[in-house]
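Visitor: Please take me through one part of this model at close range. I am new to this structure, so keep the steps short.

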Amino acid sequence: MSRSQSVEDYLKAIYKLENEEEGGVSNSRLASEMEVSNASVTNMVKRLSDRGLVDYTSYYGSRLTAPGRKIALEIIRHHRLLELYLKEMLGYSWDEVHEEAEKLEHHISEQFGDKIAEMLNDPRFDPHGDPIPSKDGEMPVMKTYPLSEFESGLHCMISRVKDQNPELLRYLEKLGLIPGVKLRIVDREPFDGPITLEIADKKISIGYNVAESIFVIQE
Ligand SMILES: [Zn+2]
């Protein structure tokens, strides 16, 4: 069975959306995630379903089958290993690695992925704090919540940040908001207003949108 880049991208997107919301993934959600037309999604979902990679019903939407999930996790593993490799071994900055990994992830063999993992001592997280699935397709379970959902007074630690927006990543790095950093929520304005944080005795204020891109675990 041929595995085109777009097949892999769709499986990855369905995996992501399945984890964001309960239930199946509708074609319209998939279309907006992939930034393509509904007609393209309908076509592709039919192909994926014919190949046994997704279960699709018009009522429920798409769900990955076991073989579909296996491919999605392999691509995600490659993506995250590549991001770390680019950063640690090739000197890329953390805002550059996602775009590069998006391209490379489709072209490396399993052996190449394993070599990277070996060289980096079987890392568990990518540079943005996302967990790296194991070689046998296990995704570490990590319960994290957007910083924007927390009340003031709480102590927490940044676990991961969204990886797609380079400008946002540069901004977060400048403020010192990177995985592993501990902080306290000092104050939050109502109506999605700014949130004030305390990090190592320093107070900073961030917008609600920024806080939505930072995922934390409660300390
Ligand atoms: Zn990425």
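Guide: Start with helix α4 and the second largest pocket. α4 gives the most to the lining of that pocket, with seven residues. The model is a predicted one.

The second largest pocket holds about 200 Å³ of space. It is lined by 13 residues, and those closest to its centre are Lys-70, Glu-74, Lys-135, Asp-136 and Gly-137. Two elements, α4 and α6, give two or more residues to this lining. By class, eight lining residues are charged, three are polar and two are nonpolar.

Now follow α4 itself. The helix covers residues 66-90. Within it sits Arg-69, which pairs with Glu-18 of helix α1. Their side chains meet in a salt bridge, 3.3 Å from N to O. The two residues lie 51 apart along the chain, so this pair links distant parts of it. How buried or exposed is each partner? Glu-18 counts as buried because its relative accessibility is 14%, under the 20% cut-off. Arg-69 has a relative accessible area of 31%, so it is partly exposed. Side chains of opposite charge can pair when their charged atoms come close.

Move along to Lys-87 and Glu-88. The side chains of these two meet in a salt bridge as well, at 3.6 Å from N to O. Lys-87 has 30% relative accessibility and so counts as partly exposed. Glu-88 is also partly exposed, with a relative accessible area of 47%.

Next comes Met-89, still in helix α4. Met-89 counts as partly exposed because its relative accessibility is 40%. With Leu-90 and Met-119, Met-89 forms a nonpolar patch on the surface. Together the three have about 300 Å² of accessible area.

α4 also has a part in the largest pocket. It is one of the elements that give two or more residues to that lining; the others are α1 (5-20), α2 (27-34), α5 (97-104) and β4 (155-161). The largest pocket holds about 1400 Å³ of space. Its lining has 32 residues, and the closest to its centre are Lys-16, Asn-19, Glu-20, Arg-80 and Arg-160. Here α1 gives the most, with seven residues. The lining divides into 14 charged, 12 nonpolar and six polar residues.

So which element gives the most to each lining? For the largest pocket it is α1, and for the second largest pocket it is α4.

Now look at other charged pairs. The count comes to 15 salt bridges. One of the pairs is Arg-29 with Glu-21, whose closest N and O atoms are 3.8 Å apart. Arg-29 counts as buried, because its relative accessibility is 18% and the cut-off for buried is under 20%. Glu-21 has a relative accessible area of 45%, so it is partly exposed. Elsewhere, Lys-12, Glu-102 and Glu-105 are linked in a network of salt bridges.

Go back to the other element of the second pocket, α6. This helix spans 110-119, and a loop runs between it and β3 (145-146). Asn-121 has its place in that loop. What is special about its backbone? Phi of Asn-121 is near 60°, a positive value in a residue other than glycine. Most residues other than glycine have a negative phi. Asn-121 is exposed, because its relative accessible area is 67% and the cut-off for exposed is over 50%.

Asp-122 is in the loop between α6 and β3 too. Asp-122 is not a glycine, yet its phi is positive, at about 45°. At 58% relative accessibility, Asp-122 counts as exposed.

Finish at helix α7, residues 166-175, where Lys-174 has its place. Lys-174 is exposed, with a relative accessible area of 67%. How far is Lys-174 from Lys-46? Their C-alpha atoms are separated by 45 Å, and the two residues are 128 apart along the chain.

To return to α4: this helix gives seven residues to the lining of the second largest pocket. Arg-69 joins α4 to α1 through Glu-18, and Met-89 takes part in the nonpolar patch.

Definitions and conventions:
Residues are numbered from 1 along each chain as its sequence is written. This is a predicted model: local features need pLDDT of at least 70, side-chain atom pairs count only at pLDDT 80 or more; totals for chains, interfaces and linings use all residues. Side-chain values use heavy atoms; hydrogens and water are left out. Patches are made of residues with over 30% relative accessible area and no salt bridge: like charges are joined within 9 Å, nonpolar side chains (Val, Leu, Ile, Met, Phe, Trp, Tyr) within 5 Å. Accessible areas come from the Shrake-Rupley method with a 1.4 Å probe; for residues, only the protein chains shown count as cover. A salt bridge is a side-chain nitrogen of Lys or Arg within 4 Å of a carboxyl oxygen of Asp or Glu. Helices (H or I, at least four residues) and strands (E, at least two) are DSSP runs, numbered from the N terminus. Buried means under 20% relative accessible area, exposed over 50%, partly exposed in between (1.4 Å probe, protein chains only). On a 1 Å grid over the protein atoms alone, a cavity is a set of points where a 1.4 Å probe fits but cannot get out, and a pocket is an open set with protein on both sides within 12 Å along at least five of seven lines; lining residues have an atom within 4 Å of a point. Grid points are joined across faces, edges and corners, and a volume is the space filled by probe spheres set on the points. Ala, Val, Leu, Ile, Met, Phe, Trp, Tyr, Cys and Pro count as nonpolar, Asp, Glu, Lys and Arg as charged, and the others, Gly among them, as polar.
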